[in-house]
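Visitor: I would like to go through this structure with you, beginning with the whole chain and then moving to particular parts. Could you guide me?

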Amino acid sequence: MSKNSPVKLSAARIADMEVTGKRYEKAVEPGSPLWVRVEATADRSGKARSKYVCRTVIDRKSVRKIIGPVSEWTLSEAKRKALAIDADARDNGGAEHLATAKAVVGAQTGPCPNSVAEKFLDYMETEGKHKVSSKEKWTHYWRSIEPQWGARPVTSIAKRDCVALLDLELKAAKARGETGTSANNLHKVLARFFNWVAGQGYIEVSPMTGLKKKIDVSLTRRPPRPLNEQELIWLFQALDRLAGPRANAIEFLLRSVCRIGNILDAKKENVGERGLLLPKTKNFTALMVPLTDSMKALLGDTEGAGNIWPGHLRRKAGFVDEELRPMMEEIARADGFNGTFNVEHFADKTRNLDFWTPHNFRDTATTWFENQLDADDDPLFPDHVQKAMLNHRPGSTKDKHYSAVALDPLWMYGARKKAGAAWNAYLDAVKAKALDQLKLAA
């Protein structure tokens with residue numbers, strides 16, 4: 001597709017935009033602040049290097065803000081982001097905003113040979129996709145690295161520059177009301193990038209050598225928040241009241257002991273005799289999740305292709321409907337709950353029914369596994385089995401990403417199937433108790 005394409009661009013047309021030897025930009029549709037920028041040269045595979053760009057007019061001058069590579073954003077996501085950037089620019093516009101934005105744009109044009117921008121693109125095309133998330137790297141690049149260093153020679157970046165950039169990210173995170181752990185993530189991205197640059201011979205030593213992370217995660221990380229059996233009873237009763245695909249998805253997440261993103265992105269075509277295949281988990285490994293009869297019932301009809309769960313459920317932020325927690329609280333109050341439990345493992349501990357997330361289902365399962373003992377008080381499910389249920393694979397980074405074990409979706413399948421069956425049998429009993437109480441109350 002040439003640069004003289006139709007005015008309104010679809011995702012397919014954007015993917016087909018051609019390299020012409022000169023950088024150009026094209027509006028996605030009339031009146032939209034979202035544009036597509038195609039670089040003058042193709043990547044190593046011959047594909048166009050395309051980015052989504054927000055173009056805002058301030059004081060009669062056009063200002064650009066990079067959103068990110070086309071490969072990392074869906075068209076609808078990019079449109080929403082562009083509208084948000086455009087609105088923010090207009091609300092906070094004026095000379096100061098314009099000067100800052102122009103400085104960013106200036107850094108994005110005409111970088112010198114062996115610039116940070118050029119080397120980072122090379123890094124992402126070779127090593128950047130193997131570790132951590134590619135999207136996280138691009139986020140930190142466009143938000144922090146490129147505006148400050150994009151046009152600078154990579155040899156000019158000193159340790160003091162890295163400290164200043166990390167301090168800047170920490171300050172920005174605090175201003176956003178966050179704990180500041182994004183500065184730790186930026187630290188990780190910078191360390192890996194400069195190690196790669198040094199390995200390519202462009203610099204002698206990484207300027208990140210010896211720099212500590214900004215935030216002690218142990219001081220900011222929320223402690224595990226498992227749900228006890230009484231809370232599970234109230235949860236099942238609330239799910240029974242909520243009903244429908246959302247309730248089924250929440251219960252399936254609890255039973256599977258998996259991460260929310262993997263379950264909500266699950267495909268019908270990946271359901272088979274051995275279970276539900278998750279092609280790509282957080283540590284970039286595939287995982288076969290054994291299915292019990294209860295889990296199969298929650299999946300419903302898996303014939304055909306496509307996503308198991310409806311589209312609106314695949315937005316993690318709104319997955320646990322705000323109706324669910326108030327339902328649990330209402331049911332708990334009707335059950336006489338006064339805020340304090342007097343049961344095993346939770347004696348005299350105040351519990352806030354609101355203070356949990358879907359990720360805490362994993363804490364709930366591991367807490368239950370830890371308390372399952374045989375007649376000799378030995379664990380029925382050893383530590384390595386609990387880690388397998390969480391898909392925490394052992395070994396070094398090399399082992400995790402490149403070994404045959406890491407690539408095997410049936411890793412510890414037998415042990416996980418046995419543990420999952422026991423966990424689901426327990427949940428079946430708790431759910432039956434919860435529904436029996438509802439029948440008695442009726």
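**Surface, helices and loops**

Guide: The chain has an accessible surface of about 23000 Å², and 51% of that surface belongs to carbon and sulfur atoms. Please keep in mind that this is a predicted model.

Visitor: How many helices and strands are there in the chain?

Guide: The secondary structure amounts to 18 helices and 9 strands.

Visitor: And what share of the residues counts as buried?

Guide: Of the chain's 442 residues, 44% count as buried. As for contacts between residues at least 6 apart in sequence, 61% of them join residues at least 24 apart.

Visitor: How many disulfides does a search of the whole structure find?

Guide: The search finds 0 disulfides.

Visitor: Cys-54, then: buried or exposed?

Guide: Cys-54 counts as buried because its relative accessibility is 1%, and buried means under 20%. Cys-162 is buried as well, with a relative accessible area of 0%.

Visitor: Let us turn to H18. How many residues does it have, and how far does it reach?

Guide: H18 covers residues 413-441, which makes 29 residues. From its first C-alpha to its last it reaches 41 Å, close to the 42 Å expected at 1.5 Å a residue.

Visitor: Which of its residues are buried?

Guide: The buried residues of H18 include Tyr-413, Arg-416, Trp-423, Asn-424 and Val-430. Ala-419, Gly-420 and Ala-434 are also among them.

Visitor: What do those buried residues pack against?

Guide: They pack against several helices, including H9 (229-242), H10 (244-256) and H12 (293-299). Helices H14 (360-370) and H15 (383-389) are also among their partners, as is strand E7 (287-289).

Visitor: Take H9. At what angle do the axes of H9 and H18 cross?

Guide: The two axes cross at roughly 65 degrees and come within 9 Å. The crossing of H9 and H18 is right-handed. On the H9 side, the contact is made by Glu-229, Leu-232, Ile-233, Phe-236, Gln-237 and Asp-240. On the H18 side, the residues include Tyr-426, Leu-427, Val-430, Lys-431 and Leu-438.

Visitor: What lies just before H18, in the loop after H17?

Guide: Met-412 is placed in the loop between helix H17 (404-407) and H18. Met-412 has a positive phi of about 50 degrees, although it is not a glycine. With 26% relative accessibility, Met-412 counts as partly exposed.

Visitor: Back to H10. How many of its residues are buried?

Guide: H10 is mostly covered, with 10 of its 13 residues buried. Among them are Arg-246, Glu-251 and Arg-255, along with Ile-250, Phe-252, Leu-253 and Leu-254. The helix reaches 18 Å from its first C-alpha to its last, close to the 18 Å expected at 1.5 Å a residue.

Visitor: And which residue takes a positive phi just after H10?

Guide: That residue is Val-257, with a phi of about 65 degrees. Val-257 lies in the loop between H10 and helix H11 (260-264).

Visitor: Why does Val-257 count as buried?

Guide: Val-257 counts as buried because its relative accessibility is 1%, and the cut-off is under 20%.

Visitor: One last loop: where is Asp-378 placed?

Guide: Asp-378 is in the loop between H14 and H15. Asp-378 is partly exposed, with a relative accessible area of 40%. Leaving aside neighbours within four places in sequence, Asp-378 is in contact with Gln-372 and Leu-373.

Notes. Residues are numbered from 1 along each chain as its sequence is written. This is a predicted model: local features need pLDDT of at least 70, side-chain atom pairs count only at pLDDT 80 or more; totals for chains, interfaces and linings use all residues. Side-chain values use heavy atoms; hydrogens and water are left out. Helices (H or I, at least four residues) and strands (E, at least two) are DSSP runs, numbered from the N terminus. The expected span of a helix is 1.5 Å times one less than its number of residues. Buried means under 20% relative accessible area, exposed over 50%, partly exposed in between (1.4 Å probe, protein chains only). Contact means heavy atoms within 4.5 Å. Accessible areas come from the Shrake-Rupley method with a 1.4 Å probe; for residues, only the protein chains shown count as cover. A disulfide is a pair of cysteine sulfur atoms within 2.5 Å. Axes are lines fitted to C-alpha atoms, for helices over the stretch in contact, and angles run from 0 to 180 degrees between N-to-C directions. A crossing is left-handed if the near helix is turned anticlockwise from the far one by less than a right angle, and right-handed if clockwise.
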